[in-house]
Amino acid sequence: MSYKAGIIGTGGIAGMGILGMHDEEAIGKEKIDASHAGGYDNASEIELVAVADVDEDSLATFGEAWEIAPSRQYVGHEGLLANEDLDVISICTPSFLHDQHTIDAARSAADPDVIWCEKPIASQVSAAKEMVDVCEETDTELVVNHSFRFTNKLQRLRYLVQNENLLGEIKSVSTQYRMELMRNSTHVLDTLVYLLDARAETVSGYITGENEAVDSLDANGSVDDAGGGGHIVMNDATFVSVDCTIPREMSSMTLHFIGTEGKLYLNNDDGEWRYWSLEDGEHIEKELPGINGAWTWENDYKGSFMNAANHIQDLLNGECENYSPGVEATRSLEIIVGFYLSHYTGSRVDIPLDPPLREITITSW
């Protein structure tokens, strides 16, 4: 192996599985490929050599499952950063800790060239900006795990929209995904800004105050994260409606784009992508050029971690540019914070946020 990796945080996304995504009997007991550790395991030039967590039992379980030497299992991230020389570090801790752990890693003796941070990037816009700034100062590539960006179909679709003018000038987008905004909806919002290559300009939001993670994941109910949504005007004048109020079992991740040259319907939960070209005032359904079938969780999402790790390997080899940088990951966070601010103030919120508003914290798991 050419490169050494470490992971901070041994939760499900690190390598032990997540309820609702993986086989319940396997969670916490065996290796899960759709994870950071699984991604490294499938990268030919990266070896996972060290891990850290504050929970000694979780640390031991993870270390045994992924065959990490006991001497390289650290209670707390400080030991890992002080004693390891690493090329890439994954941050798989709760979102309110992402900034501290990313900044500590970037400035540490471990001296990673890449930090692979879970989504959402942070709990505050100001924290996200500091993460980006520190990584730039330390010449560290910050890759945020908005995993849909690491699927071939979405990359091809973005090329068609941005380079081949598939839809012409996009006028309207409607989206729907399951609650909660930070834990789940960051995926659909990042997909939105990725395909549009745009940033929110104004936001009007609604927060339900409801979440299903408290029961389904036995999570802490005191966090802010909840269902919600609203309306967004992007800086390219696209009007967007967002509905992320629905429980998981009722939800489908959908995006519907309408442009001057066509329309596009994406339903990722049900594996249905459809495209219509607008010709002489009539929408004609056609195949998406260079895309075989629709995006699905089983065939595309589960492979995204391997793709992300291979992308990180290419970054380390100097062979590509970052698909998912922190600057772009901040765009979905701005929208979520904007929804909360709009709901509780009863006003429209302008993006980028004024400096005091960047300090607003939206806590999640």
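**Exercise 1. Locate the cis peptide bonds and the elements around them.**

Solution. Begin with Glu180, which is placed in the loop between β7 (170–178) and α8. Helices (H or I, at least four residues) and strands (E, at least two) are DSSP runs, numbered from the N terminus. The model is predicted: local features need pLDDT of at least 70, side-chain atom pairs count only at pLDDT 80 or more, and totals for chains, interfaces and linings use all residues. Residues are numbered from 1 along each chain as its sequence is written, and side-chain values use heavy atoms, with hydrogens and water left out.

Next, examine the bond that leads into Glu180: the peptide bond from Met179 to Glu180 is cis, with omega near 10°. A cis peptide bond also joins Lys119 to Pro120, with omega near -15°. Pro120 belongs to the loop between β5 (114–118) and α6.

**Exercise 2. Determine where Glu67 and Asp139 lie, what their phi values are, and whether they are buried or exposed.**

Solution. Take Glu67 to start: this residue sits in the loop between α3 (56–65) and β3 (73–75). Its phi is positive, about 60°, although Glu67 is not a glycine. The relative accessibility of Glu67 is 65%, so the residue counts as exposed; buried means under 20% relative accessible area, exposed over 50%, and partly exposed in between (1.4 Å probe, protein chains only).

Then turn to Asp139, in the loop between α6 and β6. Asp139 is likewise a residue other than glycine with a positive phi, near 55°. With 66% relative accessibility, Asp139 counts as exposed.

**Exercise 3. Compare the expected span of helix α10 with its end-to-end distance, then describe its bend.**

Solution. The expected span of a helix is 1.5 Å times one less than its number of residues. Helix α10 (residues 297–316) has 20 residues, so it should span 28 Å. The C-alpha atoms at its ends are 28 Å apart, which agrees.

Now consider the axis. At Ser304, α10 bends by about 40°; the bend at a residue is the angle between axes fitted to the seven residues ending there and the seven starting there. Just after α10 comes Gly318, with a positive phi of about 70°.

**Exercise 4. State how many salt bridges the whole structure has, and work through selected pairs.**

Solution. The whole structure contains 14 salt bridges, each being a side-chain nitrogen of Lys or Arg within 4 Å of a carboxyl oxygen of Asp or Glu.

- One of them joins the side chains of Glu328 and Arg149, at 2.6 Å from N to O. This pair links distant parts of the chain, 179 residues apart: Glu328 is in helix α11, and Arg149 is in the loop between β6 (141–145) and α7 (152–162). Arg149 has a relative accessible area of 1%, and is therefore buried. Arg149, Asp190 and Glu328 are linked in a network of salt bridges.
- Another joins Asp197 and Arg158, at 3.4 Å from N to O. Here too distant parts of the chain are linked, 39 residues apart: Asp197 lies in the loop between α8 (181–196) and β8 (200–207), and Arg158 in helix α7. Asp197 is partly exposed, at 39% relative accessibility.
- A further pair is Glu169 with Lys171, whose closest N and O atoms are 3.2 Å apart. Glu169 is partly exposed, with a relative accessible area of 45%, and Lys171 counts as partly exposed at 45% relative accessibility.

**Exercise 5. Describe the second largest pocket: its volume, its lining and the classes of its residues.**

Solution. On a 1 Å grid over the protein atoms alone, a cavity is a set of points where a 1.4 Å probe fits but cannot get out, whereas a pocket is an open set with protein on both sides within 12 Å along at least five of seven lines; lining residues have an atom within 4 Å of a point. Grid points are joined across faces, edges and corners, and a volume is the space filled by probe spheres set on the points.

The second largest pocket holds about 260 Å³ of space. Its lining consists of Val125, Lys129, Val132, Asp133, Arg199, Val327, Thr330, Arg331, Glu334, Pro352 and Arg358. Two or more lining residues come from each of α6 (125–137) and α11 (326–345).

Finally, sort the lining by class: four residues are nonpolar, one is polar and six are charged. Ala, Val, Leu, Ile, Met, Phe, Trp, Tyr, Cys and Pro count as nonpolar, Asp, Glu, Lys and Arg as charged, and the others, Gly among them, as polar.
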